[in-house]
Amino acid sequence: MKIKVCGLRDPENIKAVAALGPDYVGFICYGLSPRYVAELPGDVLKALPANIRKTAVFVNESAETINSLIDKYAFDVIQLHGDESAEFSNSFRNRVTVFKAFGLNDDFNFDQLTAYENKVDYFLFDTKTAAYGGSGKTFNWDMLNNYKLAVPFFLSGGVSLDNMDEIKKIDHPQFYGVDLNSRFETAPGVKDISKLKQAFDIIRNKILPMKYGVNEHGYYGDFGGAYIPEMLYPNVEELRQQYLSIINDAGFKAEFNDLLKNYVGRPSPLYHAKRYSEKYGASIFFKREDLNHTGSHKINNAIGQILLAKRLGKKRIIAETGAGQHGVATATVCALMGIECVVYMGEIDMARQAPNVSRMKMLGATVKPASSGSKTLKDATNEAMRDWIANPVDTHYIIGSVVGPYPYPDMVARFQSVISEETKKQLLEQTGKELPEYVMACVGGGSNAMGMFYHFLDDEQVKLIAVEAAGKGVDSGHSAATTFLGHEGVLHGSRTILMQTPDGQVVEPYSISAGLDYPGIGPQHAHLYKINRAQYTSITDDEALQAGLLCSQMEGIIPAIETAHALAQLEKMTFKSDDTVVICISGRGDKDLDTYIKYFNF
Amino acid sequence: MNRLNQLFTSKKDNLLSIYFTAGYPAINTTVDIAAALEKAGADFLEIGFPYSDPVADGPTIQHSSERALENGMTLNMLFEELTELRKRVTIPILLMGYFNPIVQYGIERFCKKAAELGVDGIIVPDLPMYEYEQMYSSYFIDNNLSNIFLVTPQTSEDRIRKIDELSNSFIYLLSSSSITGGSLQLTNSIEDYYKRIKAMELKNPTIIGFGISDNNTFKQACTYANGAIVGSKFVKLLEEENYMEKIPGFIKSIRP
Ligand SMILES: Cc1ncc(COP(=O)(O)O)c(C=O)c1O
């Protein structure tokens, strides 16, 4: 759900609105509105961050004036609010994004929109008034049910704090954003920052989660929920009630962002991989999570959860780990905060990721082997849950991926979403456009992929590719390709897709990569898979190791074997030469050197 | 009214229930063990069906589940074994297990089949109240099956009231927030918790479980609740040779 704040003009007020992080800000560029200003503060507009799209609103203006104002203020978007034709609207689309606004009343005939399909980028539905919008009145939103075209729309006209509940009920596949305007003003053209802030919080977190986001019962479509025994209920319920207010608190955000910047080293670079681009015939970018402190994306989530645990007054941290990356990240943040840390790790994983076991110990954590079942990640997760059951008051469980009972999948996705947030900004800076054609990531539980997808989910034109581990081949009986081999069921507290026998026993997965060796995926991934928003593929051990070698020798980057799965997928794709592709380099390969060395006989 | 309700109307104190895992130590033992437990004096039984990832269980029941799965136990096989159940056993029977095997079997189909075989109630630790109420309760009610909810020392009063409302045979009180198989010491805080529950005067009887392993812990539990459940301690007995002959002695050791 996008947020547009429209009708700005005062320099200080523009800066204050920008600080809230809207997706679009709008400036009235026609003469009749009370919010009209002849000269906009050009320097303030120029200084706005690139991810806030500057929108100029016109009514029946000449092409000449529109073009000169686009030149003058470097607008990203124009909103045509008069009787402009489809052809006229279309003529600007090589320069800017085009919104076509319509005033709706009960007699509005949606057929007139057909001519604009493929000629504008978005519609904006406003309340019909004599004066081209800005009346502060709403139209009958039930009318939207009559709108059937495939062009996404913004809702405008009288949106206020009083009708957020009604907005929540609008269930339309093309409902893309809301336009906040006159009902958030202290005077014409001056926005009430505290009211806007309230609206942003409600829209972003409670009422209008993204179309692909979680609902208030913890479900993504058919998946999610909190299938936990009563012993875990008080802890999980405490989290559910508190996580949003804690992580949206300004103090929390400041501390989180400060640690991400000064401790983790963010923003992580977005690197244009030139030799890869040449080889694969597209513009390929690496999002370098491998350069984070501790060597993978896992630290983003660990920092978020340790700050949350502190605010919940917890005195002890537990975690599960597969590759050891999440265990190391958790041990690291516990050292940072001086909190006791116990990490559960499958016995088999302890052997194949030995360097990480030592790192955790050096960081002061206790590593406890999980020796039941397959002795890998799922069993480590079981043990961590058992520990949490037995320590119901003072312990927080830092789950390492977008799995587990609600609110974990949503919470972890939010902490990891910094990956795509930065990517959008960096792409815009480096290429002039914020949306790539493809976004790719490997999937174990799915946290680096979810972080990489998060801010692209609503941008339907971006193709999302998630790469699972095929192990020795999907049909070999030694695989972790969950969407291919799995069925719907319940695992570790959520309804999702998991590998299981017809009798519902969880099947032991296999992958050479400990971080992908998990029989399920997070519930949001299950949903994206089921509704086809993302494509799920799989890569074998051999393909991944070869891709790891190739990346090392062509780009000088030794990737984690998990990451190498995403890289290997490039071999199977065909791109157009002007395609832009972003791959999440989720981690570095130091921990995997032994495996690489054995495989390649170095 | 099912057998559970009849039992709780006729007998209000010192009720003893025993848990064991179907398929352990071997397949085709379920009804034999159940019949022997009835004969030895148990008031009602919980038959566990095994799951690969029993997060609420300690080592003893994890082990019995693993072995049962190795022995080939499935829900289908259990239901086959239970076709004889009501020819040989008259006391109330509950099935206990995790949600995923039930989901795969089909929740409605599972309830129907269980009822048809003479099962009286179901305990699914990881089936939450919200989902039960919104999606599945009709399957239980239509088949006259009781769904049993768990309560821990951390469960809030509001939630306990709600559980009491949704329950129609008994409420399963956990002695502490723990996995199965722990050892129980009666501390002041546990006693406070038992007293707190007793003072709530719930409409459903309460049965205490987790950590009940001998006459001492059984007696303590029965001071505050209508009875108690023994699980891991009995499952351990099934590891021994000639366990069938030892069942009467075992029951006497808990409730002389
Ligand atoms: C480097 C790296 N990438 C990917 C993963 C897979 O986890 P997720 O799917 O949650 O990103 C792991 C897990 O340990 C990892 O260490």
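## Exercises on the ligand site and the nonpolar cores

In this predicted model, a polar side-chain atom of K298(A) is placed 3.1 Å from an oxygen atom of the ligand.

**Exercise 1.** Determine which residues come nearest to the ligand, and which polar side-chain atoms lie 2.7 Å from an oxygen or a nitrogen atom of the ligand.

*Solution.* Begin with the surroundings: there are 18 residues around the ligand, and those that come nearest are S401(A), G444(A), G446(A), S447(A) and S586(A). Next, take the two serines with polar side-chain atoms at 2.7 Å: S447(A) places such an atom at this distance from an oxygen atom of the ligand, whereas S586(A) does so with respect to a nitrogen atom of the ligand. Finally, consider the cover: on its own the ligand has 390 Å² of accessible area, of which the protein covers 97%.

**Exercise 2.** Work out where the largest nonpolar core lies with respect to domain 2 and domain 3 of chain A, and why.

*Solution.* First, identify the core, which has 195 residues, with F453(A) and L95(B) having the most contacts inside it. Its largest share, 7 residues, is supplied by helix 10 of chain A, which spans residues 298-311. Because domain 2 (223-258 + 297-410) and domain 3 (264-295 + 417-600) of chain A both contribute residues, the core lies between them.

**Exercise 3.** List the residues that F453(A) touches, leaving out those up to four places away in sequence.

*Solution.* With a contact taken as heavy atoms within 4.5 Å, F453(A) touches S420(A), V439(A), L464(A), I465(A) and A466(A), together with H525(A), L528(A) and A534(A). Apart from the core discussed above lies another, of 59 residues, including F27(A), Y73(A), I78(A) and L113(A).

Key. Residues numbered from 1 in each chain as written. Chains lettered and ligands numbered in written order. Predicted model: local features only at pLDDT ≥ 70, side-chain atom pairs only at ≥ 80, totals over all residues. Heavy atoms only, no water. Core = buried A, V, L, I, M, F, W, Y, C linked by side-chain atoms within 4.5 Å. Buried < 20%, exposed > 50% of the residue type's maximum accessible area, 1.4 Å probe, protein only. Helix = DSSP H or I, 4+ residues; strand = E, 2+ residues; numbered from the N terminus. Domains from an automatic or database assignment. Near = heavy atom within 4 Å. Polar contact = N/O pair within 3.5 Å; in protein donor to acceptor, adjacent residues only side chain to side chain. Areas by Shrake-Rupley, 256 points an atom, 1.4 Å probe, with all protein chains shown as cover.
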